Amino acid sequence: MTFETLFTPLRIGARVAPNRIMLAPMSVCYGDADGYVTPAQLEHYGRRAQGGAGVVVTENFAVSTAGRQMPRQTLVASDTHLPGLSALAAEIKRHGALALVQLVHAGRYAGPWDVYDQARRLAPSAVPFELTPGRVVTPQEITEAEIEESIEAFAHAAWLCEQAGFDGVHVHAAQGFLISEFFSPRMNHRTDRWGGDFANRVRLAWEVVRAVRERTSPDFVLGVHLLVDELMPGGWSVEDAARLAPLLVEAGAQFLFPVPATFEALRCEPNIGLFSRRGYGIDSTRAIKSTVDVPVVANGVLGDPHDAAAVLERGDADAIGLARPLFVDPDWPSKVAADEIGAIRTCPCDPPTCLRTQLTGAICDHWPPDAVERGHLGYQHP
C-alpha cells in the first residue's frame, strides 16, 4: 500500500492543510493552575506540528471557569489569556500546520471533583449520574440566563482565539460535556425551548455554532466535535447525529469530527474496551459523511498507517484524527511519508499511563527517558 492519500492537501473552509493528518484533541494538561499557557504546552503542540501533522487541534480549553474540568486545563476567557495563546498559535504555525483550539464547557463534568457539591455543576436537567465508579452526584439544572452566558462564552473564546492568531476553533459537542448533554433524552428532561423534541434538544449546539460564526471572520475555521452515538438505551443515536450534521453545516460548521460514547456509556457493557478496538468509529463516521459536503474526520485506533490510509481510500472520511499515536511519537507523519513504518514508536500501555497522569500532566512510558523526566515530549534538548 502507498500512503499518498494521507499527504494530499485538505481544504477546510478558506484554509488549506498540507496533509490529511490531524492531531486529535487529547487532554494532556500542561497548563498552569490558573489556566494559562506554559512553555511545556508550546513545546508539546509545536513538536506535533514539527513532526508533520497537517492540522494541530489542542486539547479542550475551557470557555469559562464554570466549564473547566481539569485542575491544569487551559482557559480561554479573557484578554489576560491572549499572550500565551498567541505564543501557542505562532509555535504551531511556524512548522506549517493549521492551528486550532478545541473549546469546551464541561457541564456536569466540571471540576474540581473533590469538591463537586460546593459549586454549581451545570446540566440541562438535575439528573443523578455516576461521576466516578461508585460515586453518584447530581448537577444543577442550568438556567436560561446561564445557557445564554454559555453561548456568549463560546463566541467570546473563539474571538479571542482569532485575535491570538489561531486558524480556527473546534467546538466540543461530544463525550457528555454540556452541549452534548442537551442532545440526550436521558440527560435532558426540560420542557422549555431547550428540551423536549429534537429541534429543542439540538438548539444549544446550533446557537453556539451560529454565535461563533457571527463573532469571527469568514476565513476563520469552525469545526464541531460531534457526539455521533450515545451508546445507551434511549439515548442519542447515529440517526439523530446524521440529522443534526447538515444543520450544523448550515449554521456555519466547516468540518465535523464524529465520536461515539460518553464517559458514562464507556463504563457499561458492551462498551467496555470500545476505545481500544481498531476503527471503532468508522461506521458512524461514514454515516455522517453521507449527509454533508464538508470534511469529516475519522478517529478511533487508526495508528496503523495501513488502516488510516484505507479509511481515506474507501472514502469513509476526508482526514484522519490521531491522538495517542502522535502523543507517543510526534514523528508518525514524517516517518510514514518517508516509508519508515518500522521506526514508528507505538502505544502498547494498558492501562494507559497518559490517562493515569492527566491531572498532573500526561506522560508516556514509551517516550525517551529524558522526555519522561521533563514530563513532556517536546523539542530535543542537549
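The following legends describe close-up views of a predicted model.

**View 1. The open sheet and its edges.** Eight strands form an open sheet with parallel pairing, and their order is E12-E11-E10-E5-E4-E3-E14-E13. Strands E12 and E13 (297–299) occupy the edges; each has a single partner strand, so one side of each lacks a neighbour in the sheet. On average, and with direction ignored, neighbouring strands of this sheet are turned by 30 degrees against each other. Strands of a sheet pair through backbone hydrogen bonds, in either a parallel or an antiparallel manner.

**View 2. Strand E11 and its two partner strands.** Strand E11 spans residues 221–229. On one pairing, E11 is joined to strand E10 (residues 168–173) in the parallel sense over six bridges; His170 has Gly223 of E11 as its bridge partner. E11 also pairs with strand E12 (residues 255–260), again in the parallel sense and over six bridges. Gly223 stands opposite Phe255 of E12, and Val224 has Leu256 of E12 as its bridge partner. Gly223 therefore appears in both pairings, facing His170 and Phe255, while strand pairing in general rests on backbone hydrogen bonds.

**View 3. Helices packed on the sheet around E11.** Val224 of E11 is shown with its bridge partner Leu256 in E12. Helix H6 (residues 203–215) packs on the sheet, where it touches E10 and E11, and its direction makes about 170 degrees with that of E11. Helix H7 likewise packs on the sheet, in contact with E11 and E12, and its direction makes about 165 degrees with that of E11. E11, H7 (residues 238–251) and E12 together make a right-handed β-α-β unit. Nine of the nine residues of E11 are buried, so this strand is largely enclosed by the rest of the structure.

**View 4. The surroundings of Gln73.** Gln73 is located in the loop between strand E4 (55–62) and helix H2 (82–93). Its relative accessibility is 2%; because the limit for a buried residue is under 20%, Gln73 counts as buried. The side chain of Gln73 reaches the backbone nitrogen of Met70 at 3.1 Å. Leaving aside residues up to four places away in sequence, Gln73 touches Gly35, Asn60, Phe61, Ala62, Arg68 and Val104.

Definitions and conventions. Residues numbered from 1 in each chain as written. Predicted model: local features only at pLDDT ≥ 70, side-chain atom pairs only at ≥ 80, totals over all residues. Heavy atoms only, no water. Buried < 20%, exposed > 50% of the residue type's maximum accessible area, 1.4 Å probe, protein only. Helix = DSSP H or I, 4+ residues; strand = E, 2+ residues; numbered from the N terminus. Pairing = 2+ DSSP bridges. Right-handed = clockwise from strand over helix to strand, strands pointing away. Polar contact = N/O pair within 3.5 Å; in protein donor to acceptor, adjacent residues only side chain to side chain. Contact = heavy atoms within 4.5 Å. Axes fitted to C-alpha atoms, helices over the stretch in contact; angles between N-to-C directions.
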